[in-house]
Amino acid sequence: MIATKSYAAPKAKAPLGPFTIQRREPGEHDVLIDIAYCGVCHSDIHQARDEWGGSVFPMVPGHEIVGHVSKIGSGVKKFKVGDAVGVGCFVDSCRECPSCKEGLEQYCEKGMSATYNGFEKDGKTPTYGGYSAQVTVDENYVLRIPSNIPLDKAAPLLCAGITTYSPLHHWKVKAGDKVAVVGLGGLGHMGVKIAAAMGAEVTVISTSDKKKDDALKLGAKHFINSKDPAAFPAHQREFDFILNTVAAGIDLGAYLMLLKRDGSMVQVGAPDKPLALNVFALILGRRSLGGSLIGGIKETQEMLDFCGQKGFGADIEVIPIDKINEAYERMIKGDVHYRFVIDIKSLK
Ligand code: NAP
Ligand code: ZN
Ligand code: ZN
């Protein structure tokens, strides 16, 4: 075993602090990764505070991991020592169910092994995430980082990037489509960049005017302040597709009314409480409401290559690991521009 420095939440809602974990020596198909950066996702907060229930403690969060391969097992074919690589939200899956066979491991019918707050395939060894110095992962669950994206800016692609790319891709958003992104945080800002790069005409719907200039710089053409009483009536039937990244309870019916006939709204934000829905908003325009979970390995690589070709990563604020508790508080207030990324050097 390899003793590895990390930051962990000892129990729900407790501040994170230094903690030592054990990583396995790379097996035949494993790579050992020296972690360089790890993005901070709002899901880290939900889970470290046990807002969704069932959290496993102590918890080392982090599923936007990038670094370099430092050691490989004898059977590894895809990577060599020194390669720039990434790991996203899961590190294994059953590999046999229909979803795994279709490359949609995130929907594994036996349950994927989440990168943290989960268990390895043996069902008992806890997984620990990327707020740590290194990680051992099966090569089939490791991604290649395009050489033109700086590693720190690439880290958030592993969750925020793929979580927004996958629904835009699956619902076939195309050039000229009118797309609204609700909530300009980590996911939202990647949603804007990716949808704009796909050629869509993007509108940001945000809870104040504070982020308007940023939204336009990120690639949005229009901006709506959702607190403005005139906003919803003025934009009825405007959008082909709405991506909702908000974790709070919003009036789904009011947002659905912003869709054209046959439009779809997809929920990626994951509130801890059920939301009410006025179904007339669906019925009256043959509209759909969907959900989407991260993305599979194949699609994640496709998204990374797409961002590489277009030449962008995330907009980030790099922090040392001892600022993580402060970063959580700022994210809860919506005060992040637009993803915190931990410089893992600060841990070593
Ligand atoms: P984030 O960076 O904190 O951004 C969330 C944004 O939501 C905020 O910046 C804010 O944007 C908006 N917001 C916050 N409170 C709100 C409220 N009360 N009403 C309306 N809008 C509000 O979070 P994130 O990392 O992007 O994650 C967002 C959600 O997606 C979380 O629930 C996370 O767990 C979930 N998630 C889901 C998946 C998936 O696979 N489906 C993957 C990753 C994350 P404005 O300032 O613009 O209003
Ligand atoms: Zn995430
Ligand atoms: Zn499976």
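**Zinc site, salt bridges and backbone features of the predicted model**

In this structure, the zinc ion (ligand 2) has as its protein donors C41 through SG, H63 through NE2 and C159 through SG, at 2.0 to 2.3 Å from the ion. The coordinates described here belong to a predicted model. Along the sequence, the donor residues follow the spacing C-x21-H-x95-C, and the pair H63 and C159 links distant parts of the chain, 96 residues apart. Of these two, H63 is placed in the loop between α1 (42–48) and β4 (65–72), whereas C159 is placed in the loop between α3 (151–154) and α4 (160–170). With a relative accessibility of 7%, H63 counts as buried, and C159, at 4%, counts as buried as well.

Side chains of opposite charge can pair when their charged atoms come close. In the model, the count of salt bridges comes to 20. One of them joins E64 to R339, with 2.8 Å between the closest N and O atoms. Because E64 lies in the loop between α1 and β4 while R339 belongs to strand β17 (residues 339–343), this pair ties together parts that are 275 residues apart in sequence. Neither partner counts as exposed: E64 is buried, with a relative accessible area of 0%, and R339 is buried at 2% relative accessibility.

A salt bridge is also formed by D92 and K121, whose closest N and O atoms are 3.8 Å apart. Here too the pair links distant parts of the chain, since D92 is in strand β6 (residues 90–92) and K121 in the loop between β7 (113–114) and β8 (134–138), 29 residues apart. D92 is buried, its relative accessible area being 15%. A further salt bridge connects D343 with K345, the closest N and O atoms lying 3.2 Å apart; within this pair, D343 counts as buried at 16% relative accessibility, whereas K345 counts as exposed at 59%. Through salt bridges that share partners, D92, R95, K121 and D138 are joined into one network.

Helix α10 (residues 297–310) comprises 14 residues, which at 1.5 Å a residue should span 20 Å, and this agrees with the 20 Å that separates its end C-alpha atoms. The buried residues of α10 are I297, E299, T300, Q301, M303, L304, F306, C307 and G308. An α-helix has 3.6 residues a turn, so residues three or four places apart point the same way. The elements that cover the buried residues of α10 include β6, β9 (143–144), α4 and α5 (186–197). After α10 comes G311, which has a positive phi near 80 degrees.

The second largest pocket holds about 380 Å³ of space. Its lining consists of 19 residues, of which R24, E120, T125, T127 and T136 lie nearest the centre of the pocket. Two or more residues of this lining come from each of β2 (17–23), β6 and β8, and β8 gives the most, with four residues. Strand β8 also contains V135, which is buried, with a relative accessible area of 4%. Leaving aside residues up to four places away in sequence, V135 touches R23, V31, L32, I33, I35 and I65. Between V135 and V87, which are 48 residues apart in sequence, the distance from C-alpha to C-alpha is 9.3 Å.

Most residues other than glycine have a negative phi, and most peptide bonds are trans. Against this background, the peptide bond from F57 to P58 is cis, with omega near -5 degrees, and P58 is located in the loop between α1 and β4. The bond from H337 to Y338 is cis too, with omega near -10 degrees, Y338 being located in the loop between α11 (324–332) and β17. Positive phi values in residues other than glycine include that of R237, near 55 degrees, and that of I294, near 25 degrees. R237 is found in the loop between α7 (231–234) and β13 (239–244) and counts as exposed, at 55% relative accessibility, while I294 is found in the loop between β15 (288–291) and α10 and counts as buried, at 8%.

Key. Residues are numbered from 1 along each chain as its sequence is written. Chains are lettered from A and ligands numbered from 1 in the order in which they are written. This is a predicted model: local features need pLDDT of at least 70, side-chain atom pairs count only at pLDDT 80 or more; totals for chains, interfaces and linings use all residues. Side-chain values use heavy atoms; hydrogens and water are left out. Donors are N, O and S atoms within 2.8 Å of the metal (3.2 Å for Na, K and Ca); water is not among the atoms, so sites may look incomplete. Buried means under 20% relative accessible area, exposed over 50%, partly exposed in between (1.4 Å probe, protein chains only). A salt bridge is a side-chain nitrogen of Lys or Arg within 4 Å of a carboxyl oxygen of Asp or Glu. The expected span of a helix is 1.5 Å times one less than its number of residues. Contact means heavy atoms within 4.5 Å. On a 1 Å grid over the protein atoms alone, a cavity is a set of points where a 1.4 Å probe fits but cannot get out, and a pocket is an open set with protein on both sides within 12 Å along at least five of seven lines; lining residues have an atom within 4 Å of a point. Grid points are joined across faces, edges and corners, and a volume is the space filled by probe spheres set on the points.
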